[in-house]
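Q: Here is a model I would like to understand better before I work with it. Please take a close look at one hairpin, then walk me outward to the rest of the protein.

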Amino acid sequence: MKRRRISMMTVSLWRHFSNSTKTKCTIYARIKYEGQRAELGSTGINIQTSDWDHEAKRVLPTHPQHLSINQDLQELLSRIDIAYQALRKSNRPVKADTILQTYRALFEPQVDPAPKIEVLTIKEVFQRWINHREEILENQQIKYPTFKKNRESKTKFLEYLTEKEKEAVKAIDFNLRAAQRYRTWLEKQGYGYPHINKLMKTLRQAVRWAYEEELTEVNSLEGLRLKREKLKPPVFLFTDQVENLKTVPFQSEVLQKVADLFLIYCRTGFHYSDLKLVIKDSHTKVGKGFAGLDWISHDRMKTGVTAKVPVFDEVKPIVEKYGGWNKLPLLSNQKMNEYLKIIAADRGLPPNISVKVGRNTLADWLLNEKGWSKEAVKVIMGIRTDSILARYVRADERRVVLEMNKLSQ
């Protein structure tokens, strides 16, 4: 007489990685019976991957709560076994899915179904985030230039979705691979790393906001990394080139005004929009201050960081020449840059000169010619971090010589 084989039920515990680097994981469980499987799903236990013993299926002592977590796992296994034994004693067929049903009926409380979360497309998520940004703009929590850049990022992203016919893609499905495809598209459009990184950062910010506001069930772009940009050496004028503009006059009245104004840029470090505001509100932004010096105090348009600029001696005669700050002959960025190209050709200056070169020139003059500290340069330029300062200036051998001279004194 043949013995009847008794089928055995087993429960597998396995890792579901929670991030792209696989350093974190969630423990999942599944029931196996006669070649069939039923997924119990997440146990709710989230740990570092290194704290999991893959062979023993237990949490290692390296985790501070390993005892209580392992006790919870053992209790889970015991409850599934109770459900299995109860099912065997019933008239119902024993299968992997019926074991799972019995377990849930015995040990998982019946609750009213949660309200269904609205499934948003990635396009809708970005639009709602822009609406949110507009609200906090009205409450003066962000600056308008910041909001404007956010809105421009949305426009570019919608252009991509339209061209690729992806406007109906759900936000939860716009994952890291989808983001990489968007980056590739931007690269083909001819954008450089700095601009692409800004667009990608804004997209990531919108998706994270939607997740935090519980508009989406997952942050589909968690783990998105931005490519490190290779900064180009900043273009600036050396002191002798600035001196040439200051001391050698131009026969053309227009070019002389451009040269004078560019010297203001080179010794204040402002962008066009910031210098425009300083000139307009000079009665409140320029005046006597700390240590009895004349100071320019201005909150930069782009970041809101206050730049505190001493009025250098080279600036004062130019301001006096035109009858005061409010009478400086300010030209538009476009006109300035056009005339600067003419000046560059005449005086042997860098051919790619622009108004922005004035900001670089101030930073270089202070750091490499005057030997000022990065901290002092950041105060004058209205910059918070060294990484941002590196966009405008790099220490070179001139700075090394200055430091060597200090040692010899």
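In the hairpin of E7 and E8, which residue takes a positive phi, and how many residues lie between the strands?

A: Gly-304 is the residue you are after: its phi is positive, near 80 degrees, and six residues lie between the strands of this hairpin. Before we go on, a word on the ground rules: this is a predicted model, in which local features need pLDDT of at least 70 and side-chain atom pairs count only at pLDDT 80 or more, while totals for chains, interfaces and linings use all residues. Residues are numbered from 1 along each chain as its sequence is written, and side-chain values use heavy atoms, with hydrogens and water left out.

Now for the hairpin itself. E7 covers residues 294-299, and five bridges join it to E8, residues 306-310, with the two strands running antiparallel. Across that pairing, Trp-295 stands opposite Pro-310 in E8. Strands here are DSSP runs of E with at least two residues, helices are runs of H or I with at least four, and both are numbered from the N terminus. Two strands pair if DSSP finds at least two bridges between them.

E7 also meets a helix. H9 spans residues 272-280, and its buried residues are Asp-274, Leu-275, Val-278 and Ile-279. They cover an arc of only 135 degrees around the axis, so they sit on the same side of H9; the arc is that of the directions from the helix axis to the C-beta atoms. What these buried residues pack against is E7 together with helix H8 (253-268), helix H10 (282-285) and strand E6 (286-288). Buried means under 20% relative accessible area, exposed over 50%, and partly exposed in between, with a 1.4 Å probe and protein chains only.

H8 and H9 come up again around Val-355, which lies in helix H13 (residues 355-369). Val-355 is buried, at a relative accessible area of 2%. Leaving out residues up to four places away in sequence, Val-355 touches Phe-262, Tyr-265, Tyr-272, Asn-333, Met-336, Asn-337 and Leu-340; a contact means heavy atoms within 4.5 Å. Ile-172, by comparison, is 183 residues from Val-355 in sequence and 44 Å from it in space, C-alpha to C-alpha.

Another hairpin is worth setting beside yours. E2 (residues 24-33) and E3 (residues 36-48) pair in the antiparallel sense over 10 bridges, and Ile-31 has Ala-38 in E3 as its bridge partner. This hairpin has two residues between its strands, and one residue there, Glu-34, takes a positive phi near 50 degrees. Glu-34 does so although it is not a glycine. Most residues other than glycine have a negative phi. Glu-34 is also exposed, with a relative accessible area of 51%. Lys-57 is likewise not a glycine, and it has a positive phi of about 60 degrees. Lys-57 is placed in the loop between strand E4 (52-53) and strand E5 (58-59), where it is partly exposed at 25%.

The loop between helix H6 (193-212) and helix H7 (239-247) holds Lys-230, which counts as exposed at 78% relative accessibility. From Lys-230 to Phe-107, 123 residues away along the chain, the C-alpha separation is 57 Å. Gly-223 is found in the loop between H6 and H7 too, and counts as partly exposed at 24%.

Finally, the whole protein: there are 16 helices and eight strands. Its radius of gyration is 33 Å, well over the 22 Å that the globule rule gives for 409 residues, so the protein is more spread out than a compact globule. That radius is taken over C-alpha atoms, and the rule is 2.2 Å times the number of residues to the power 0.38. Along the principal axes, the C-alpha atoms fill a box of roughly 120 × 55 × 40 Å. Buried residues make up 40% of the 409.

As for confidence, the mean pLDDT is 90, and 96% of the residues reach 70 or more; pLDDT is the predictor's confidence in each residue, from 0 to 100. Over residues 1-5, though, pLDDT stays under 50, and the model has zero contacts for them beyond four places in sequence. Where pLDDT is low, the predicted coordinates should not be read in detail.
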